[in-house]
Amino acid sequence: MRMLAKLAARLLGLALALAAAACCLLAAQGYKMYRGALETRSLEETVAAVRAEPGYTAIDQLPQLYLDAVVAVEDHRFAQHGGVDPIAILRAAVHDLRTRSLDQGGSTITQQVAKNLFFTQEKQFARKIAEVFMAFRLEAAYTKEEILELYVNTIYFGDGYYGIRDACAGYFGKEPAALTPYEATLLAGIPNAPSVYSLTANPGLAARRQRYVVGQMVKYGRLTADEAAAITAP
């Protein structure tokens, strides 16, 4: 029994050592990817290019209800974390290990901005680590309001619409400032899965997602129950 215990301990130690080595390798690959992205074009140049695009919309031109909806459904701890949310990552890691997938990444709004600005949508561990490094860089260089503004201007809303102004014009024929509460919460739910929640392809699923968004807003104190009922009322 003693020999078996020693063997088990050695095997466990070996497994932990291999896991640590794999983590170090992935971290190195991710950092290299992060540095390579910045060498191609600096963060400041990349942000300036996005802000110079014709459809770019400043945060003060967006309804506060829309911004509250985005934060509630995408990253409710956005104001508290420094670019990465360990709680969300742990929850996603448990799910991904259980399902042997990368379905959930635990990405914050800042990480999603990093991905939209510099990286592909391909799900791979090294890219996720590069995204983390870039998120820290973003948080050090820009305010939360600036990061949220970049987010809503770079996300995909389905049907070929990139950015909030493009989505408002394409889906509703209006400027972002003119969004109704229903439209604002509807748009907030689409970027989670644009092909699934596209308003032209799956309006029923989009409406179901919108109700979830409103529910999250109530859960995190962004709306009262009465306000939520008024938004979702037929």
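The following exchange explains how several descriptions of this predicted model are justified.

Me: What should be known about the numbering and the model beforehand?
Reply: Residues are numbered from 1 along each chain as its sequence is written, and side-chain values use heavy atoms, with hydrogens and water left out. The model is predicted: local features need pLDDT of at least 70, side-chain atom pairs count only at pLDDT 80 or more, and totals for chains, interfaces and linings use all residues.

Me: How many helices and strands are there in the chain?
Reply: The chain has 12 helices and zero strands. Helices (H or I, at least four residues) and strands (E, at least two) are DSSP runs, numbered from the N terminus.

Me: Why is the pairing of Arg 222 and Asp 68 called a salt bridge?
Reply: A salt bridge is a side-chain nitrogen of Lys or Arg within 4 Å of a carboxyl oxygen of Asp or Glu. For Arg 222 and Asp 68 the N to O distance is 3.0 Å, so the pair satisfies the definition. The pair links distant parts of the chain, 154 residues apart: Arg 222 is in the loop between helix 11 (203–219) and helix 12 (225–232), and Asp 68 is in helix 3 (residues 64–74). The whole structure contains eight salt bridges.

Me: Is Arg 222 buried, exposed or partly exposed, and which of these is Asp 68?
Reply: Buried means under 20% relative accessible area, exposed over 50%, and partly exposed in between (1.4 Å probe, protein chains only). Arg 222, at 33%, is therefore partly exposed. Asp 68, at 14%, is therefore buried.

Me: What links Glu 131 and Arg 127?
Reply: Glu 131 and Arg 127 form a salt bridge, with the closest N and O atoms 2.2 Å apart. Both lie in helix 6 (residues 125–141), four residues apart, about one turn of the helix. An α-helix has 3.6 residues a turn, so residues three or four places apart point the same way. Both Glu 131 and Arg 127 are buried. Arg 127, Lys 128 and Glu 131 are linked in a network of salt bridges.

Me: Why are helix 9 and helix 11 called roughly perpendicular?
Reply: Their axes come within 8 Å and cross at roughly 100°. Axes are lines fitted to C-alpha atoms, for helices over the stretch in contact, and angles run from 0 to 180 degrees between N-to-C directions. Angles under 35 degrees count as roughly parallel, over 145 as roughly antiparallel, 65 to 115 as roughly perpendicular and the rest as oblique. Helix 9 and helix 11 are therefore roughly perpendicular to each other.

Me: Which residues does Gln 210 contact, and is Gln 210 buried or exposed?
Reply: Contact means heavy atoms within 4.5 Å. Leaving aside neighbours within four places in sequence, Gln 210 is in contact with Tyr 182, Thr 185, Leu 186, Ile 231 and Thr 232. Gln 210 lies in helix 11 and has a relative accessible area of 1%, so this residue is buried.

Me: What makes helix 3 largely enclosed by the rest of the structure?
Reply: Helix 3 has 11 residues, and 10 of them are buried, so the helix is largely enclosed. Among the buried residues are Leu 65, Asp 68 and Glu 74. Their cover includes helix 5 (109–118), helix 7 (144–154), helix 8, helix 9, helix 11 and helix 12. Over the chain of 234 residues, 42% count as buried.
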